Amino acid sequence: MTENAPPPTAPLRARAEIDLAALRANVRALRALAPGAELMAVVKSDAYGHGALPCARAAVEAGATWLGTATPEEALALRAAGLPGRIMCWLWTPGGPWREAIEADLDVSVSGMWALDEVTSAARQTRTGTPARVQLKADTGLGRGGCQPGDDWAELVDAALRAEWEGLIRITGLWSHFACADEPGHPSIEAQLTRFREMLSYAENLGVRPEVRHIANSPATLTLPESHFDLVRAGIAVYGISPSPEIGGPADFGLRPVMTLSASVALVKHVPGGHGVSYGHHYTTPGETTLGLVPVGYADGIPRHASGTGPVMIGGKWRTVAGRVAMDQFVVDLGGDEPATGTEAVLFGPGDRGEPTAEDWAQAAGTIAYEIVTRIGTRVPRVYVNEGQAG
Ligand SMILES: *Cc1c(COP(=O)(O)O)cnc(C)c1O
């Protein structure tokens with residue numbers, strides 16, 4: 001914590017504190033893990049719920065030379081806010097906005113002929129006459145987006161080269177995405193790398209000269225140096241969360257969770273034994289006890305699937321969601337303790353004050369930590385700490 005950090009005492013119903021010093025340190029740790037490659041900080045979906053602009057700025061300060069988003073709208077918003085450098089977006093649908101993307105100097109991803117046709121015709125219409133920066137995406141085995149190897153790739157590469165010779169586009173990258181990088185040793189990993197090298201060679205032999213070739217996401221950045229090529233695209237690791245507990249915890253890679261989610265206990269009351277708690281009465285007090293009301297619910301992104309299982313730390317003790325998570329609130333059995341109303345309930349954080357982590361919530365809800373942080377709703381204010389570069 002730096003001296004200028006505002007104390008986390010604002011009397012808010014709930015808050016997601018975002019530690020930008022932790023984010024910057026994570027970016028530096030990732031750069032050290034992939035020293036031969038540039039780092040793209042993936043800030044899609046509002047930086048996985050952490051807030052796109054402050055996180056993008058902090059990532060750039062710490063040495064990320066690329067920013068990545070899913071949609072063009074997300075990328076355009078970064079550029080409009082003044083983010084410099086390279087910004088790439090990959091989730092396109094017919095209709096664009098290709099022209100806006102070209103004029104904002106974005107790198108756009110093209111997976112098929114329809115997209116190449118649209119981006120080249122947009123390039124003809126731009127005021128500046130600047131070629132579109134196009135990255136061709138190969139499906140090396142994920143079976144989701146990307147161009148299939150073989151005839152499809154041959155057709156796409158050939159057409160892209162012709163558009164490059166016409167001055168309409170510049171092929172800035174060749175790239176792909178892993179299916180199972182979070183399962184080290186999974187046979188698909190080597191198979192995808194082999195296929196990627198073949199598809200790169202095919203394009204390069206025809207004269208494609210990409211600035212960057214890339215396939216690594218966070219798990220590959222952390223565990224698979226041979227996948228780093230010229231650029232690694234790290235998302236979840238930037239936010240200090242391990243892509244999978246199987247490959248280790250954040251500390252094993254020098255990472256620290258960036259988000260701490262807390263709420264202010266709204267009510268503490270005595271109830272008798274045998275008292276049903278929350279909708280459906282799926283919890284009944286085993287004896288006389290105290291209940292605490294935590295004023296966040298599934299509208300705030302607290303998974304309803306964590307009813308009866310989600311952990312929260314109140315007054316230094318772990319408590320468990322009693323009964324159902326409702327839209328705006330849930331209840332915990334305080335076992336007779338009487339913390340003052342307004343006491344901080346920490347749902348998750350880095351874990352070093354003994355609090356649960358986003359990974360703990362993921363386990364409680366039967367999902368992954370990516371989903372826990374990304375779904376924290378807009379009703380929860382993000383409070384940024386350690387914004388200065390000192391940390
Ligand atoms: C989201 C995304 C990433 C980042 O994935 P992490 O596992 O969060 O690092 C990288 N590349 C693409 C194409 C993505 O959609």
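At 41% relative accessibility, D46 counts as partly exposed in this predicted model, and the residue belongs to helix α2. Its backbone is noteworthy in that phi of D46 is near 55°, a positive value in a residue other than glycine. Most residues other than glycine have a negative phi, and most peptide bonds are trans. A further positive phi in a residue other than glycine is that of F229, near 45°; F229 is placed in the loop between α9 (218-223) and β9 (231-234). With respect to the peptide bond itself, G96 and P97 are joined in the cis form, with omega of about 15°, and P97 is located in the loop between β4 and α5.

Helix α2, which holds D46, also takes part in the contact between the two domains. The domain assignment of the protein chain gives domain 1 as residues 20-239 and domain 2 as residues 259-385, and the centres of domain 1 and domain 2, taken over C-alpha atoms, are separated by 38 Å. Ten residues from domain 1 and seven residues from domain 2 make up the contact. The size of an interface is often given as the accessible area lost when the parts come together. For domain 1 and domain 2, about 820 Å² is buried between them, with 60% of this area on carbon and sulfur atoms. On the side of domain 1 that touches domain 2, the elements that give two or more residues are α1 (20-33) and α2 (44-48). As to polar interactions, three residue pairs in polar contact are found across the interface of domain 1 and domain 2, both residues being at pLDDT 80 or more, whereas the count of salt bridges between domain 1 and domain 2 is zero.

Within domain 1 (20-239), helix α4 (residues 72-80) was examined for the placement of its buried residues, which are P72, A75, L76, L78 and R79. These residues lie on the same side of α4, because they cover an arc of only 155° around the axis. The cover over the buried residues of α4 is provided by several elements, including α3 (52-61), β3 (66-69), β4 (86-89) and α5 (98-103). Just after α4 the chain reaches G82, which takes a positive phi of about 95°.

Two of the elements that cover α4, namely β4 and α5, also hold residues engaged in salt bridges. Side chains of opposite charge can pair when their charged atoms come close. A search of the whole structure finds 22 salt bridges, and one of the pairs is D107 with R86, whose closest N and O atoms are 3.1 Å apart. D107 lies in strand β5 (residues 107-110) and R86 in strand β4, so the pair ties together parts that are 21 residues apart in sequence. Both partners fall under the 20% limit for a buried residue: D107 is buried with a relative accessible area of 0%, and R86 is buried with a relative accessible area of 16%. The pair does not stand by itself, since R86, D105, D107, R133 and E211 are linked in a network of salt bridges.

A salt bridge is also formed in helix α5, where the side chains of R99 and E103 meet with an N to O distance of 3.5 Å. R99 and E103 are separated by about one helical turn, because they are four residues apart in helix α5. In terms of accessibility, R99 counts as partly exposed at 33%, and E103 likewise counts as partly exposed at 29%.

In domain 2 (259-385), R379 forms a salt bridge with D300, the closest N and O atoms being 3.0 Å apart. This pair links distant parts of the chain, with R379 in the loop between α11 (369-374) and β19 (382-385), D300 in the loop between β14 (289-294) and β15 (311-314), and their positions 79 residues apart in sequence. The two partners are placed in unlike surroundings, given that R379 counts as partly exposed at 41% relative accessibility, while D300 counts as buried at 1%.

Note on methods. Residues numbered from 1 in each chain as written. Predicted model: local features only at pLDDT ≥ 70, side-chain atom pairs only at ≥ 80, totals over all residues. Heavy atoms only, no water. Buried < 20%, exposed > 50% of the residue type's maximum accessible area, 1.4 Å probe, protein only. Arc of directions from axis to C-beta. Contact = heavy atoms within 4.5 Å. Domains from an automatic or database assignment. Buried area = accessible area lost by both parts, 1.4 Å probe. Salt bridge = Lys/Arg side-chain N within 4 Å of Asp/Glu carboxyl O. Polar contact = N/O pair within 3.5 Å; in protein donor to acceptor, adjacent residues only side chain to side chain.
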